[in-house]
Amino acid sequence: MKINIKTEEHNLNVKMPNWLAFNDLTYGIISKKLKENGVKFKRRQLKKFIKLCKKYKKNHNGWNLVEVESTNKENVIIEI
């Protein structure tokens, strides 16, 4: 997983192995936080979603999970 954040002042690139970013502990934490915000998403569903994203990424190179650009040219890109 790669997280790229670009602003006028900073350029931050974080690379993290998928096994560290997506495991049972992180699935639990993410599903708990989603539940607190009113979104019902079980661990099993989250795990399936990530697996489907990884499979899609293999067939479609250059695909980003999240890509945001603000009006003042600040970028955030999350790639699995």
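Q: Through how many residues does the hairpin join β1 to β2?
A: Heads-up: this is a predicted model, where local features need pLDDT of at least 70, side-chain atom pairs count only at pLDDT 80 or more, and totals for chains, interfaces and linings use all residues. Residues are numbered from 1 along each chain as its sequence is written, while side-chain values use heavy atoms and leave out hydrogens and water. Strands (E, at least two residues) and helices (H or I, at least four) are DSSP runs numbered from the N terminus. Strand β1 spans residues 2–6, and the hairpin takes you from β1 to β2 through four residues.

Q: Which strands are the edge strands of the sheet?
A: Follow the order of this open sheet of four strands, β2-β1-β4-β3, with antiparallel pairing. Two strands pair if DSSP finds at least two bridges between them. An edge strand pairs on one side only, and that describes β2 (11–15) and β3 (66–69).

Q: How many bridges join β1 to β4?
A: On one side, β1 runs antiparallel to β2, with five bridges joining them, and K6 stands opposite N11 in β2. Towards β4, I5 stands opposite V76. β1 and β4 run antiparallel too, and the bridges joining them number five.

Q: Which residue in β4 stands opposite V68?
A: Strand β4 covers residues 75–79 and pairs with β3 in the antiparallel sense over four bridges. Look across to β4 from V68 and you'll find V76.

Q: From which helix does the largest share of the largest nonpolar core come?
A: A nonpolar core is a set of buried Ala, Val, Leu, Ile, Met, Phe, Trp, Tyr and Cys residues joined through side-chain atoms within 4.5 Å. The largest one here has seven residues: A21, F22, Y27, L46, I50, C53 and I80. Three of them, the largest share, come from the helix at residues 43–59, namely α3.

Q: Why is the pair of Y56 and W63 edge-to-face, or what are the angle and distance behind that name?
A: Searching the whole structure turns up one aromatic pair. Rings of Phe, Tyr and Trp (its six-membered ring) pair if their centres lie within 6.5 Å; planes under 30 degrees apart are stacked, over 60 edge-to-face, and the rest tilted. The centres of Y56 and W63 are 5.0 Å apart and the planes sit at 70 degrees, so the pair is edge-to-face.

Q: Is W63 buried, partly exposed or exposed?
A: Buried means under 20% relative accessible area, exposed over 50%, and partly exposed in between (1.4 Å probe, protein chains only). Its ring partner Y56 comes in at 38%, so Y56 counts as partly exposed. W63 has 25% relative accessibility, so W63 counts as partly exposed.
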